[in-house]
Amino acid sequence: MSPMVSGITLAEIAALMGDVARANILSSLMDGRALTASELAWHSGVSAQTTSGHLAKLTEANLIAMAKQGRHRYYRLASPEVAQAIEAMMALASFGPKRHRPVGPKDEALRKARTCYDHLAGRLGIAVADALTSQDHLVLSESAGALTEKGRRFLCSFGIDLDDEKNKRVLCKTCLDWSERRPHLAGRLGAALCTRMFDLAWVERIKDSRALAITAAGRKGLKSTFGIEID
C-alpha cells in the first residue's frame with residue numbers, strides 16, 4: 001500500500017468516522033470482541049435498519065469486518081490499525097473543549113483499566129508499560145519498543161511465548177492512550193500481556209463496557225510481578 005494518502009480519501013474516512021452513530025459503533029468494538037447488528041444498534045442508539053446502512057458503509061471502507069456463524073453475522077474492527085486510529089482520535093478529542101459535565105462512574109472505570117482492541121489501556125496499561133521500562137525489560141521510543149534480553153526472560157517466566165513464527169504482527173509498538181495522554185503497549189506483546197492477564201483472572205470485563213475490573217487476584221499478582229498498585 002502506498003504511504004501517500006490523498007486528501008479526498010482521508011476526508012472520506014474522516015466523514016465515515018465523524019457520524020455520531022458510526023462513531024458509537026466503532027467505539028463499542030474497541031474491546032476487540034465481535035458484536036451482532038442488533039447489539040450494535042443498541043450501542044449506536046439508532047434503529048436496526050439505520051444501523052444496517054451504517055454497517056454496510058463501514059464494511060465497504062474496510063473499517064469493520066463481518067463474519068458469519070450459523071444464522072448470525074458478527075462485526076468487529078477490521079484491524080489493530082483501525083483501533084489505533086480511533087484511540088488516537090479519542091486522545092485528540094480529550095484536548096478539546098470541556099463539556100461541563102461531571103465524570104461518571106463508567107468514565108472513571110474506563111480511565112482505570114480498559115481494553116484498546118486487544119491490549120491494555122488506561123492507568124493499568126500505562127502502569128504495565130512503565131513497570132517494564134523501569135525494570136529494564138523494555139526500551140520504548142515514541143512509536144515502538146524493543147525488548148531487552150532481561151525482558152525476554154521475564155516475559156517467558158510470566159508465561160508469554162514470544163517466538164510464534166506464524167504471527168507476523170509487529171512485536172512491540174505503542175498506542176497513544178486517550179485518557180492518560182501517554183503511550184501504552186500495543187502490538188503482539190501488548191496483546192499477549194492482555195490475554196495472559198485474562199487467563200490468570202487478574203482482570204475481568206465489566207458488562208456493556210470495554211472497562212475492566214481488576215480482581216483481588218489481579219491486585220496481588222500485579223503487585224508481586226510488576227510492582228504495580230492501581231487505586
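**Exercise 1. The cavity**

Task: In this predicted model, find the volume of the largest cavity, the residues that line it, and the elements they come from.

Solution:
- Step 1. The largest cavity has a volume of about 60 Å³. When the whole structure is searched, one cavity of 30 Å³ or more turns up.
- Step 2. Now look at the walls. The lining consists of H119, L120, G125, V128, L185, G190, L193 and C194.
- Step 3. Match these residues to elements. At least two lining residues each come from β5 (119-121), α7 (122-134) and α9 (187-199). The largest share, three residues, belongs to α9.
- Step 4. Sort the lining by chemistry. Five of its residues are nonpolar, three are polar and none is charged.

**Exercise 2. A sheet of three strands**

Task: Work out the strand order in the open sheet of three strands, and explain why β1 and β2 each have one side without a neighbour in the sheet.

Solution:
- Step 1. Write down the order: the strands run β1-β3-β2, and their pairing is antiparallel.
- Step 2. Use the order to find the edges. β1 (35-36) and β2 (64-69) stand there with a single partner strand each, so one side of each has no neighbour in the sheet.
- Step 3. Check the pairing of β1. Two bridges connect β1 to β3 (residues 72-77), and these strands are antiparallel. To see this in the structure, find L35, which stands opposite Y75 in β3.
- Step 4. Do the same for β2. Six bridges link β2 and β3 in the antiparallel sense, and A67 faces Y74 in β3.
- Step 5. Follow the chain from β2 to β3. The two strands form a hairpin with two residues between them, and G70 in the turn has a positive phi of about 65°.

**Exercise 3. Another hairpin**

Task: Describe how β8 and β9 pair, and find the turn residue with a positive phi.

Solution:
- Step 1. Count the bridges: four join β8 (residues 173-176) to β9 (residues 183-186), and the strands run antiparallel.
- Step 2. Pick out a pair. C175 has H184 in β9 as its bridge partner.
- Step 3. Look at the turn. The β8-β9 hairpin has six residues between its strands, and R181 in the turn has a positive phi of about 60°.

**Exercise 4. Cysteines without a bond**

Task: How many disulfides does the structure hold, and are C116 and C194 buried or exposed?

Solution:
- Step 1. The structure holds zero disulfides.
- Step 2. Take C116, which is in no disulfide; its nearest cysteine sulfur is that of C175, 4.0 Å away. For comparison, a disulfide needs sulfur atoms within 2.5 Å.
- Step 3. Now take C194. The closest cysteine sulfur to its own is in C116, at 10.0 Å, which is too far for a bond.
- Step 4. Use the cut-off for burial, under 20% relative accessible area. C116 has 0% relative accessibility, so this residue counts as buried. C194 is at 3%, so C194 counts as buried too. You have met C194 before, in the lining of the largest cavity.

**Exercise 5. The whole chain**

Task: Decide how the protein chain compares in compactness with a globular protein of its length.

Solution:
- Step 1. Begin with an inventory: the chain has 10 helices and 11 strands.
- Step 2. Compare two numbers. The radius of gyration is 18 Å, close to the 17 Å from the globule rule for 231 residues, so the chain is as compact as a globular protein of that length.
- Step 3. Add the extent of the C-alpha trace, about 50 × 45 × 45 Å along its principal axes.
- Step 4. Finish with burial: 40% of the 231 residues count as buried.

Definitions and conventions: Residues numbered from 1 in each chain as written. Predicted model: local features only at pLDDT ≥ 70, side-chain atom pairs only at ≥ 80, totals over all residues. Heavy atoms only, no water. 1 Å grid on protein atoms, 1.4 Å probe; cavity = no way out; pocket = protein on both sides within 12 Å on 5 of 7 lines; lining within 4 Å. Points joined across faces, edges and corners; volume = space filled by probe spheres on them. Nonpolar A, V, L, I, M, F, W, Y, C, P; charged D, E, K, R; others polar. Pairing = 2+ DSSP bridges. Buried < 20%, exposed > 50% of the residue type's maximum accessible area, 1.4 Å probe, protein only. Rg over C-alpha atoms; globule rule 2.2 N^0.38 Å.
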